[in-house]
Amino acid sequence: FDILEDTLPALVLVDLRAKRDPTLGAGGSVRHYRFEPSTHGRLDAVEAIVGFEERLFNDALQPYLRSENPALSGFATAATFRDESRRGRVVRLCGASFADVVEASRRDATDRTDFFVQFYAPWCAHSKALAGTWDALADEFRHVDAVVVAAMDATRNEVDVAGLAIRGFPTLAWFPADAARRPLLYNGTRDRAALAAFAKDHASASTLVDVGRPSPPSSQSADDGRPNPPPPHRRSSQQQKSPPHQ
């Protein structure tokens, strides 16, 4: 529960409903709700504790979510994640930055960015084996602003998203640009070609024709902006060898 000795005594409500029904969110795990004296009253007052419990069943409490310090070097922010993605890097997220980067982008109706997120455990052999492939996938999509390849250490960070159940490592989840759509779990083979094909099939924006390559130059002339003239007509070899009409 991330409770330190200097924060005792402490009161935490543990909600098991999300564990029984992963569609409720909390990554298919339990939700924790901390009693904060500054918000909920005196910890030694019965009425404050009863009121705290009532707020839980009235859906008036926000769950406590673990997160690494978002100020630490290496974690993306709302201002930096696109630049990281355009450089072909995996966008590193923590629990706190997930809301600022992924959820904020999905709530923006004008933003058509999808996020392909790996929830991993540093000690997990399968997560370690996927690391190189995930890096290569991020590099492949570096020219596509509509898809961001990201990763989060799910042993130190938590997210609360309806429909997301993290039951093993790594868990690969596709977050569509539309926040009304629930995340889609990837259960295919973990090679780069299969992952890239999945991204192309589920992308919200139709900008994935040239994945892995910069956009081709336009047909306009670099000198005056006018369209380039069509190439001169060339006769086929058969036309060249035909005798003149008699």
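This is a walk through a predicted model, one selection at a time.

**The whole chain**

Start with a cartoon view. You should find eight helices and seven strands. Colour by burial next: of the 246 residues, 37% count as buried. If you draw a contact map, look away from the diagonal, since among contacts between residues at least 6 apart in sequence, 64% join residues at least 24 apart.

**The sheet**

Now hide the helices and keep the strands. Five of them form an open sheet, ordered 3-5-4-6-7, with mixed pairing. Strand 3 (91-93) and strand 7 (184-185) are the edges, each pairing on one side only.

Zoom to strand 4, residues 114-120. Strand 4 runs parallel to strand 5, and the two pair over seven bridges. Pick Tyr 120 here: across from it, in strand 5, stands Asp 153. Bring helix 7 back and you'll see it packed on the sheet, where it touches strand 4, strand 6 and strand 7. The direction of helix 7 makes about 25 degrees with that of strand 6.

Keep Asp 153 selected for a moment and add Glu 68 and Arg 156. These three are linked in a network of salt bridges.

**The largest nonpolar core**

Which residues touch the most other members of the largest nonpolar core? Select Phe 116, Trp 134, Leu 137, Phe 141, Leu 172, Trp 174 and Leu 195; the core holds 21 residues in total. Helix 6 (125-140), strand 5 (147-153), strand 6 (171-175) and helix 7 (192-202) each give two or more residues to this core. As a rule, nonpolar side chains in soluble globular proteins tend to be buried together.

Centre on Leu 195 and show what surrounds it. Setting aside residues up to four places away in sequence, Leu 195 touches Phe 116, Leu 130, Thr 133, Trp 134, Leu 137, Leu 172, Tyr 186, Thr 189 and Arg 190. Apart from this core lies another one, of 19 residues; try selecting some of its members, including Ala 76, Leu 93, Phe 98 and Ala 154.

**Salt bridges**

Switch to charged side chains. How many salt bridges does the structure hold? There are 11, and three more stops will give you the flavour.

- Arg 86 and Asp 145: their closest N and O atoms are 2.9 Å apart. Arg 86 sits in helix 4 (residues 81-86) and Asp 145 in the loop between helix 6 and strand 5, so this pair ties together parts that are 59 residues apart in sequence. Both ends count as partly exposed, Arg 86 at 45% relative accessibility and Asp 145 at 37%.
- Arg 142 and Asp 139: here the closest N and O atoms are 3.2 Å apart. Arg 142 is partly exposed at 25% relative accessibility, and Asp 139 is partly exposed at 35%.
- Arg 192 and Glu 140: the closest N and O atoms are 3.5 Å apart in this salt bridge. It links distant parts of the chain, with Arg 192 in helix 7 and Glu 140 in helix 6, 52 residues apart. Is each partner buried or partly exposed? Arg 192 is partly exposed at 42% relative accessibility, whereas Glu 140 comes in at 17% and counts as buried, because the cut-off is under 20%.

**Two buried polar stops**

Select Asp 15, in strand 1 (residues 12-15). At 7% relative accessibility, Asp 15 counts as buried. Leaving out residues up to four places away in sequence, Asp 15 touches Val 30, Arg 31, Tyr 33 and Leu 56.

Then jump to Ser 105, in helix 5 (residues 95-107). Ser 105 is buried too, with a relative accessible area of 5%. Show its contacts beyond four places in sequence and you should see Arg 82, Asp 111, Thr 113, Phe 115 and Ala 177.

**Cysteines to finish**

How many disulfides does a search of the whole structure find? The count is zero. Still, have a look at Cys 94, which is buried with a relative accessible area of 0%. Then click on Cys 124, which counts as buried at 6% relative accessibility.

Note on methods:
Residues are numbered from 1 along each chain as its sequence is written. This is a predicted model: local features need pLDDT of at least 70, side-chain atom pairs count only at pLDDT 80 or more; totals for chains, interfaces and linings use all residues. Side-chain values use heavy atoms; hydrogens and water are left out. A nonpolar core is a set of buried Ala, Val, Leu, Ile, Met, Phe, Trp, Tyr and Cys residues joined through side-chain atoms within 4.5 Å. Buried means under 20% relative accessible area, exposed over 50%, partly exposed in between (1.4 Å probe, protein chains only). Helices (H or I, at least four residues) and strands (E, at least two) are DSSP runs, numbered from the N terminus. Contact means heavy atoms within 4.5 Å. Two strands pair if DSSP finds at least two bridges between them. Axes are lines fitted to C-alpha atoms, for helices over the stretch in contact, and angles run from 0 to 180 degrees between N-to-C directions. A salt bridge is a side-chain nitrogen of Lys or Arg within 4 Å of a carboxyl oxygen of Asp or Glu. A disulfide is a pair of cysteine sulfur atoms within 2.5 Å.
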